Amino acid sequence: MTNRPLPGAAPPPGPSAQPPSREGGPDGSRPGATAPPAPRRGGAGPAKGASPVPVRTAARPGRRGGGGRKSPLARGGWTPWLYLAPALVVIGGLLVYPVYQLGLISFLEYTQAQVSGGEPATFQGFGNYATLFGDPQFWQVLLATVLFAGACVVSTLAVGCALAVLLTRVRAVPRLALMMAALGAWATPAVTGSTVWLLLFDPDFGPVNRTLGLGDHSWTYGRYSAFALVLLEVVWCSFPFVMVTVYAGIRAVPAEVLEAASLDGASQWRIWRSVLAPMLRPILVVVTIQSVIWDFKVFTQIYVMTGGGGIAGQNLVLNVYAYQKAFASSQYSLGSAIGVVMLLILLAVTLVYLRLIRRQGEEL
């Protein structure tokens with residue numbers, strides 16, 4: 001008996017079975033459908049003439065929209081610079097232009113004759129610097145300035161940091177009294193402070209000599225005693241800045257850190273050396289650089305307390321030496337050259353110190 005297919009049923013599959021022509025071609029594809037490209041010989045890609053298959057490439061990490069990181073100027077626009085523009089104009093007028101004039105005069109022959117207009121200023125090149133570096137007194141004054149400024153910086157930092165730690169250990173009333181006394185010293189003009197210190201150490205009427213029983217000993221007569229007296233006055237008027245700045249940094253240190261160090265049995269010196277000093281290093285960098293700049297260019301204290309540089313110039317520093325060359329001797333070009341040398345020394349010291357800090361991984 002022969003099995004006949006039911007009406008409407010699909011014929012059984014077989015080698016001769018083909019779909020109807022109106023449903024598709026003999027290869028089973030529908031009309032209008034795109035056949036996949038046949039691989040080339042060896043399977044290397046699509047056949048010739050076939051449309052290539054689009055390939056998506058992975059985006060590079062760290063880029064958004066192909067723009068990459070934007071610079072701070074692109075992120076913030078010109079708004080920050082508009083706010084800074086007035087300050088930049090003031091700084092340019094008060095700092096950049098005088099430095100330019102200082103450097104210009106140091107390359108000219110500029111004496112009283114040129115100031116009065118009797119003779120024109122002539123270009124000397126590095127002649128003023130050659131004259132300056134050939135003067136043995138310049139090197140003596142430079143050495144004295146470096147040693148004096150270093151002693152002032154170390155003493156100021158020591159006194160300021162010690163009093164900052166003391167402020168954290170006393171109660172409110174003594175702390176307020178110490179802060180007011182320190183701010184009073186900070187607000188005192190340099191001329192006034194120098195005059196007061198001269199009266200305190202006066203050989204005839206000074207209370208210091210009477211208290212110590214030194215008679216008519218003159219503190220400004222000897223070279224080292226005069227430098228020591230000026231050093232005390234410089235430290236007295238400079239330590240409040242260090243004290244207040246370091247005290248603010250100590251108050252920002254979490255109390256749990258200091259409490260843990262105390263529970264471990266660390267002394268106050270060990271807490272400062274191992275805990276506070278590393279955490280306050282950015283602040284210490286700022287106060288150190290400020291102290292170096294201020295103490296290296298001390299003028300008022302030396303000029304007032306030693307009478308313009310001491311006997312035979314034994315207490316000269318670079319700032320007073322430049323003043324004597326420029327205004328006492330009317331050699332304005334040599335005085336300007338000394339000013340340029342001081343500026344370059346301070347820039348070099350600051351850049352070297354900051355580079356050492358950055359090598360240690362500190363962020364300022």
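**Notebook: a first look around the chain**

I began with contacts: residues 24 or more positions apart account for 63% of the protein chain's contacts that have a separation of 6 or more. A note to self before going on: this is a predicted model. Next I looked up the secondary structure, and the protein chain has 15 helices and two strands. Of its 364 residues, 28% are buried. The chain exposes about 24300 Å², and carbon and sulfur atoms supply 64% of that area.

**Entry: the cores**

Which residues touch the most other members of the largest nonpolar core? I found L132, F138, F148, I302, L318, Y321 and I338, in a core of 34 residues. Six helices each supply at least two residues of this core: α4 (127–133), α5, α9 (223–251), α13 (300–305), α14 (318–328) and α15. The largest share, seven residues, comes from α15. I then picked out I338 and listed what it touches, not counting residues up to four places away in sequence: L132, L318, Y321, A322 and K325. Apart from this core lies another, of 25 residues, and F239, M243, A261 and W272 are among them.

**Entry: V141**

I went to helix α5 (residues 136–167) to find V141. Is V141 buried or exposed? Its relative accessible area is 5%, so I noted V141 as buried, the cut-off being under 20%. Leaving aside neighbours within four places in sequence, V141 is in contact with L316, V317, L318 and Y321. I also checked V141 against N319: the two are 178 residues apart in sequence, yet their C-alpha atoms are 9.7 Å apart in space.

**Entry: S333**

My next stop was S333, in helix α15. S333 counts as buried because its relative accessibility is 5%, and buried means under 20%. What does S333 contact, leaving aside its neighbours within four places in sequence? I wrote down I105, S106, L108, Y110 and N128.

**Entry: helix α12**

I tried a length check on helix α12 (residues 281–296). Its 16 residues should span 22 Å at 1.5 Å a residue, because the expected span is 1.5 Å times one less than the number of residues. The end C-alpha atoms of α12 are 22 Å apart, so the two values agree. Which residues of α12 are buried? My list reads L284, V285, V287, T288, I289, S291, D295 and F296. Looking at what covers these buried residues, I found that the cover includes α5, α9, α11 (268–279), α14 and α15.

**Entry: the surface**

Last, I turned to the outside. I91, L95, V96, V99, L343, L344 and L347 form a nonpolar patch on the surface, and together they have about 600 Å² of accessible area. Which helices each supply at least two residues of the patch? They are α2 (79–106) and α15 (332–359). The largest share, four residues, comes from α2. I singled out V96, which is found in helix α2. V96 has a relative accessible area of 54%, and it is exposed because the cut-off for exposed is over 50%.

**Looking back**

I met α15 in several entries: α15 gives the largest share of the 34-residue core, is part of the cover over the buried residues of α12, and supplies at least two residues of the surface patch.

Conventions. Residues are numbered from 1 along each chain as its sequence is written. This is a predicted model: local features need pLDDT of at least 70, side-chain atom pairs count only at pLDDT 80 or more; totals for chains, interfaces and linings use all residues. Side-chain values use heavy atoms; hydrogens and water are left out. Patches are made of residues with over 30% relative accessible area and no salt bridge: like charges are joined within 9 Å, nonpolar side chains (Val, Leu, Ile, Met, Phe, Trp, Tyr) within 5 Å. Accessible areas come from the Shrake-Rupley method with a 1.4 Å probe; for residues, only the protein chains shown count as cover. A salt bridge is a side-chain nitrogen of Lys or Arg within 4 Å of a carboxyl oxygen of Asp or Glu. Buried means under 20% relative accessible area, exposed over 50%, partly exposed in between (1.4 Å probe, protein chains only). Contact means heavy atoms within 4.5 Å. A nonpolar core is a set of buried Ala, Val, Leu, Ile, Met, Phe, Trp, Tyr and Cys residues joined through side-chain atoms within 4.5 Å.
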